[in-house]
Each structure stands twice: as C-alpha cells, then as structure tokens.
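Student: I'd like a close look at the empty space inside this protein. Could you walk me through what surrounds it and how the neighbouring parts fit together?

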Amino acid sequence: MSPRSAKVNEELRRRSKERLLQAAVELVGEHGYDTTTLGDIADRAGSARGLVSYYFPGKRQLVQSAVHRLMHRTLEEALEREPCTAEGPERMARAIDAILGLARDRPVLMRQHMAGLLQAEVGFVPCPEQRRLAELLRDTVARHGSQDVDRDYPMLRALLMGAVFAALVPGVPMPVPVLRAELFRRYRLEWELGVPPDAEASDGTVCDTDLSRFFSTGVPAQPIRADRAGGTDRTDRSGRTAQSK
C-alpha cells in the first residue's frame, strides 16, 4: 500500500480537528463543562485521545475555540440571510440578535464560555475562530457608519459580552428583549429590524440542535474557477454547483 500524500494527510487532520470542535460544542451544551472530559470529546468525535492534545493545549482552549466557531458561523449566517443587505442598521440589528439568540437558545454553553473568559489562568485566547468573529463584528461596525472602527469595535464587543452575561446570571437573569431594547437604543435601531423577539426568521436564527453545518467535517468546498462564459462556478459541500455571473 502506497503512503498517503501530504494533501490527504492534511485533509484528514482538518476533518479530525473539525470533529473535535463539533463534539466539544455538543457535549458542553448537553452536560456542562465540568462534567465533559477530553476523553468524552474524543470519543464523540471518533478520534484518538492523543489528537486532542495535538491540536489544543487543554480543554478550556478547545471549548473556547469551539464556541467562537459557533458564534462566528451563527453571526455569519445571520448577516448573509435572505434578503441579503448591505445596509448598516439592518446588519447591526442582525448581529445583536444573533449573539443574544445564542444566550437565549444555548445558555449552558454560553455560560460556560463566559466563565472561561473570566478565568485568569486561561482568559481570552486568540484563535482563528475568534479572529473571524472579530472580522465580522468590525465589518458590522464599519457598515453601521463608524468613523473610528478601532475604537467602536471593542465597545460593541464589550456591550454584547455584557448583555450575554446579564442574560445568563443564575437567579437574576435579565430578559433578552430588555437587553435587545437597550442595545437598539444605543445604536439607534428600529425595533422591527433584525429578528424581533416575537418574529421568526426565515433562515438561520432559530435554535437548531443540528450544528453540523457549522463544522466542515466532509468534503471541503472547491475553489472558485472561471467558466467558459466568463462567470464563476464552485461546488458546495453537498456537491452541487452554484454559478454566478
């Protein structure tokens, strides 16, 4: 049997890491952080336990990366939801609703995430998942009309984190609609924008127990290439071909 190529090995490693991220989100959401072990995560992912330590320094870093993946993909899905728009107020409203929606729909997972961020021995760990989340939020701030994104992005991040924390405080949680109203006042947004609490989005913002769409454990999307008519086409994860002109 001939040895696997470097490209095949790279793809196998990518899939293994994706499965670990997905398993971490699922298990912590189901059972909490303390009850979930690295062995549990490896077993759910169908991976050798040594692979967890190969990709991540520890459980806290793995869970933080997994939640940041969930956050940035949830936000990305909300921002790209039909009808697509470049309007700053609508995108800001969608961003707020997406993050508050995670606090409402996945309280166990988000409470554990916030607790991890406050631990001095780990704290806030920059990772590719967090950087993508930051890019989306910075773009949202810019589209909303910020004249100083470097100043206004950290403020948005702090306000969202504060709102999530307030929604999850055991015993005295604040209602998500109240937190939403305060953020909407802060950014001068009409209540009807985004997904108001009494409405249901047509795509991407309702709670879904199946998180597989956020983790690329299958065949990766093919690179975009030019077609004969001068447009572009690409194959998505399901094998279908999408074309644009």
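**The cavities and the helices around them**

Tutor: Sure. With a cut-off of 30 Å³ or more, the count comes to three cavities. Keep in mind that this is a predicted model. As for the method, rolling a probe the size of a water molecule over the atoms shows where empty space is left.

Let's stick with the largest cavity, which holds about 200 Å³ of space. Its lining is made up of 17 residues, and H68, M71, L133, R157 and M161 are the ones that lie nearest its centre. By class, that lining splits into 13 nonpolar, three polar and one charged. Where do the residues come from? Helices α4, α6 (107-117), α7 (128-143) and α8 (149-168) each put at least two residues into the lining. The top contributor is α8, with five residues.

Two of those helices are worth following outwards, starting with α4. Helix α4 (residues 59-79) packs on helix α5 (residues 88-105) at an angle of about 140 degrees, and their axes are 9 Å apart. The two are therefore oblique to each other, and their crossing is right-handed. On the α4 side, the contact uses L70, M71, T74, L75, A78 and L79; on the α5 side, the partners are R91, R94, A95, A98, I99 and L102. Sorted by class, the residues of this contact come out as nine nonpolar, one polar and two charged. You've met M71 already: it is among the residues nearest the centre of the largest cavity, and here it belongs to the α4 side of the contact with α5.

The loop between α4 and α5 has something to look at too, since P83 is found there. The peptide bond from E82 to P83 is cis, with omega near -5 degrees. For background, most peptide bonds are trans.

Now for α6, another helix that supplies the lining. Helix α1 (residues 6-31) packs against α6 at an angle of about 105 degrees, with the axes 7 Å apart. That makes the pair roughly perpendicular. In this contact, V25, V28 and G29 of α1 meet V108, L109 and Q112 of α6. The contact of α1 with α6 has four nonpolar residues, two polar and no charged ones.

One last backbone detail, if you're scrolling along the chain: R188 sits in the loop between α9 (176-186) and β1 (225-226). Its phi is near 55 degrees, a positive value in a residue other than glycine.

Technical notes:
Residues are numbered from 1 along each chain as its sequence is written. This is a predicted model: local features need pLDDT of at least 70, side-chain atom pairs count only at pLDDT 80 or more; totals for chains, interfaces and linings use all residues. Side-chain values use heavy atoms; hydrogens and water are left out. Axes are lines fitted to C-alpha atoms, for helices over the stretch in contact, and angles run from 0 to 180 degrees between N-to-C directions. Helices (H or I, at least four residues) and strands (E, at least two) are DSSP runs, numbered from the N terminus. Angles under 35 degrees count as roughly parallel, over 145 as roughly antiparallel, 65 to 115 as roughly perpendicular and the rest as oblique. A crossing is left-handed if the near helix is turned anticlockwise from the far one by less than a right angle, and right-handed if clockwise. Contact means heavy atoms within 4.5 Å. Ala, Val, Leu, Ile, Met, Phe, Trp, Tyr, Cys and Pro count as nonpolar, Asp, Glu, Lys and Arg as charged, and the others, Gly among them, as polar. On a 1 Å grid over the protein atoms alone, a cavity is a set of points where a 1.4 Å probe fits but cannot get out, and a pocket is an open set with protein on both sides within 12 Å along at least five of seven lines; lining residues have an atom within 4 Å of a point. Grid points are joined across faces, edges and corners, and a volume is the space filled by probe spheres set on the points.
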